[in-house]
Amino acid sequence: MRIFGGIFAVLPTVPAGGQERLVLPPQVEDVARAHHWKAFLASLEDGRATRRRRSKVDRGGRHLLACALLSCLGLGVAAAAPGAIADRVFIHGAVYTQDPTQPWVESFAVADGKYLAVGSGAAIRAFIGPETNVVDLKGRMVMPGLVDDHVHAVDGAMGELYDCIFPSTATPAQVRRAIAGCAKRTPKGGWVSGGFWASDFFKRNPIRSPRRWLDGVAEGRPIILRDDTGHNVWANSEALRLAGVDAKKADPGGGRFERDSSGRPDGIALEAAAEKIQAVVSERSEAEYRRSVQHVQEIAHRFGFIGLKEADAATPAIAAYVAADKRGQLSLYVAACISTLAMQVTPDTILDYDKIDNVREAYRSNLVDTNFVKIYLDGVPTEARTAAMLEPYLPDAQGRRVSGDLHVNPDVLEKEVVEFDKRGYTVKMHAAGDRAIREGLDAIAAARRANPDGQLRHELAHAGYIAPPDLNRFAQLNAVAEFSPVIWYPSPIIDAVIAVVGERAKHYWPMRSLLATHAGLAAGSDWPSVVPSMDPWGGIEAMVTRSDPYHHSPKTLWPEEAIGLEDALRIYTLGGAAGLRREAETGSIIVGKSADFIVLNRNLFKIPANQIGNVKVEMTFFQGRKVYQHSTTGEHRPNPQAAPSLSAISPGLTPSTSSTFLRLAAPDATRTLRFAMPRRFATNSISARLAAFSTAGAATRILISPSCSPAISVLEARGCT
Ligand SMILES: [Zn+2]
């Protein structure tokens, strides 16, 4: 490895259409092309567009770009000024860089939150000074931190912290028990909200009136429960009353209230109808949002994420992220797709662009980017049959063959995508059916016609069914196909899809075919809409094996579409960074980029593919700072007998569905207290314990999370199992 100092400075820039454009040596682009990095090159273009708007990144971005591409050429790395000293160096690692000419190195150096040098141990030693912290990786694998390109993280965190949760496999008796417990704990007048019932729950469990069934356990409280797709709700009489939904209430465009024989809504509300009920659920407090953002961050770092895209962000959630960033408490890149759900009244509604601009301008910060917007084109291809398909679904119970409706009329969608593109938004379109995909691509094509220089990579989310003639259009239009690989066959969701779509449902997510066309791909968890966790590792395994990462069955989903581990990791790292419009800043271990990386307990390339899902993140670094450290010290095995009922104990504490422990962490994460919470604990004994913890001097503020992540040290052992 040769170290070049300041070589990036010789790369010229010329004005292009009034804007500065980086001129690259031709061989640089050749190398990138030879490595099938068309999407990468396209993303660099997109990066230029991004940088034009983000002045702060402008100069640095060009610097990084040059460094990255020189590194591609194998010319070595451009370092900071000669003689620079690292804050930290990492040696003796198996470092997977996402740099195609030196995919693996042994060591790297970090200064001021950025990679100072990347290469062999001998080269890196030159950057060690007396103050440098030298970390021996002992052969462990390091790779760029991951990005979740589609997640409803604040919703998920809110759910874990405050909601009534049961698994989608729950039987009616289990649902009844969960709801009854939550209803008892909820103050009078408060909502019981949560989920997630399986899409085919009412098919498997004939319940004559879903509304009255819930009334029987509600204790007078309004109840709203989402299904496992997040699109549809199950509500009781009190919830419908509060939402003003009665026999006279017409179905909204793009949605439907299921009704009994007398025409009275019977508790199931699909798509836009579900939102009518959701809209009256009392809003969470600012404090709850604040706590949820901290919880999101803890979860994200534990799984190795350094960035995420909120796929449908409500304003209070965006505000909470921005506030956390301004307080210096955010260590995560956040792209917030501004929600348009409430504005989209009928398929002909034109969205209020200025109102969306107002949200964008009001809420932005260094780490929170609001140049993103979400539009829902259709629903879901499950029992509800609401995804817009080119071919009809299998006949429903009444023998009808529907194809699903578009939520936005095609001419309206074209206008909207053209306008958002012009205003600099990356548009994420929910498009679950192949007809919705086609309309989404048509709208992107309209944006390209209107603005031929446009480089924003608009996304089609859940791009599962793509009609063969549309496969090539993704690459042609520089559009991104985004998918959720954790939902792999056999899962209740895929089973529910096959039940209504039929055999062709098995031809779902043509990833390999898309890669062959050089289409941009992105992956996200869609947590908590469809999966119980944001954990990406099962998804990465599933992309490689096309089978259930939880190994419940040997079945596979269209195994011909499996992709290689290299591609899967690139999608989750560089692909994710491009999805955040931060590919010039992060996503690979290249000199000049932000030092956002993770250390794993296993080398992904040295274990069987079906074990990738079990890999654990040992450390997560964001901008050169360690933001997560896995530790087994002080860990206790959960006692299944000691099921928590924490809301009953104290309103400030809520139960975890997955853990019998609470973790009490000081904000600086220097100390963590973890103990079991058996039912018999009384409110005042918990309060006393918290008070004792506070006054012990470790923490000025205590974060309470039901996270299962390991404790660092046990300060108080009473109650531990
Ligand atoms: Zn989603």
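Me: Two strands are taken to pair if DSSP finds at least two bridges between them. With that in mind, how many residues lie between strand 17 and strand 18 in their hairpin?

Reply: This is a predicted model, and in it strand 17 (residues 255-259) and strand 18 (residues 265-271) run antiparallel and are joined by four bridges. One of the bridge pairs sets phenylalanine 257 against alanine 269 in strand 18. The turn contains glycine 263, whose phi is positive at about 90°, and the number of residues between the two strands is five.

Me: Which residue in strand 9 stands opposite valine 110?

Reply: Strand 9 (114-119) belongs to an open sheet of four strands in the order 9-8-5-10, with mixed pairing, where strand 9 and strand 10 (133-136) are the edge strands and each pairs on one side only. Strand 8 (residues 107-111) runs antiparallel to strand 9, and five bridges join the two. Opposite valine 110, the residue in strand 9 is tyrosine 115.

Me: In the open sheet of eight strands, why is one side of strand 12 and of strand 25 left without a neighbour?

Reply: The order of this sheet is 12-19-20-21-22-23-24-25, and the pairing is parallel. Strand 12 (146-151) and strand 25 stand at its edges, so one side of each has no neighbour in the sheet, because each has a single partner strand.

Me: What is the bridge partner of lysine 428 in strand 23?

Reply: Strand 22 (residues 426-430) and strand 23 (residues 459-461) run parallel, and three bridges hold the pair together. Both appear in the order of the eight-stranded open sheet, where the twist averages 25° from one strand to the next. For lysine 428, the bridge partner in strand 23 is glutamate 459.

Me: Is helix 14 parallel, perpendicular or oblique to helix 15?

Reply: The axes of helix 14 (residues 410-422) and helix 15 (residues 434-450) come within 8 Å and cross at roughly 45°. An angle under 35 degrees would count as roughly parallel, and 65 to 115 as roughly perpendicular. The crossing angle therefore makes the relation of helix 14 to helix 15 oblique.

Me: How many charged residues are in the contact of helix 14 with helix 15?

Reply: The two helices make a right-handed crossing. On the side of helix 14 the contact includes Leu413, Glu414 and Asp421, while helix 15 contributes, among others, Glu439, Asp442 and Ile444. By class the contact has nine nonpolar residues and no polar ones, and the number of charged residues is four.

Me: Where is the proline that follows tryptophan 527 through a cis peptide bond?

Reply: The bond from tryptophan 527 to proline 528 is cis, with omega near 0°. Another cis bond, with omega near 10°, leads from glycine 195 to phenylalanine 196, and phenylalanine 196 lies in strand 14 (residues 192-197). Proline 528, by its place in the chain, is in the loop between strand 25 (520-523) and helix 19 (537-545).

Me: What is the phi of arginine 546?

Reply: Arginine 546 sits in the loop between helix 19 and helix 20 (565-579). Its phi is positive although the residue is other than glycine, with a value near 55°.

Me: How many contacts beyond near neighbours in sequence does the stretch of residues 633-721 have in the model?

Reply: The protein chain averages a pLDDT of 79, and 76% of the residues score at least 70. Over residues 1-78 the pLDDT is below 50, and that stretch has 125 contacts beyond near neighbours in sequence. Residues 633-721 also have a pLDDT below 50, and their number of such contacts is 130.

Notes: Residues are numbered from 1 along each chain as its sequence is written. This is a predicted model: local features need pLDDT of at least 70, side-chain atom pairs count only at pLDDT 80 or more; totals for chains, interfaces and linings use all residues. pLDDT is the predictor's confidence in each residue, from 0 to 100. Two residues are in contact if their C-beta atoms, placed from the backbone, lie within 7 Å. Axes are lines fitted to C-alpha atoms, for helices over the stretch in contact, and angles run from 0 to 180 degrees between N-to-C directions. Angles under 35 degrees count as roughly parallel, over 145 as roughly antiparallel, 65 to 115 as roughly perpendicular and the rest as oblique. A crossing is left-handed if the near helix is turned anticlockwise from the far one by less than a right angle, and right-handed if clockwise. Ala, Val, Leu, Ile, Met, Phe, Trp, Tyr, Cys and Pro count as nonpolar, Asp, Glu, Lys and Arg as charged, and the others, Gly among them, as polar.
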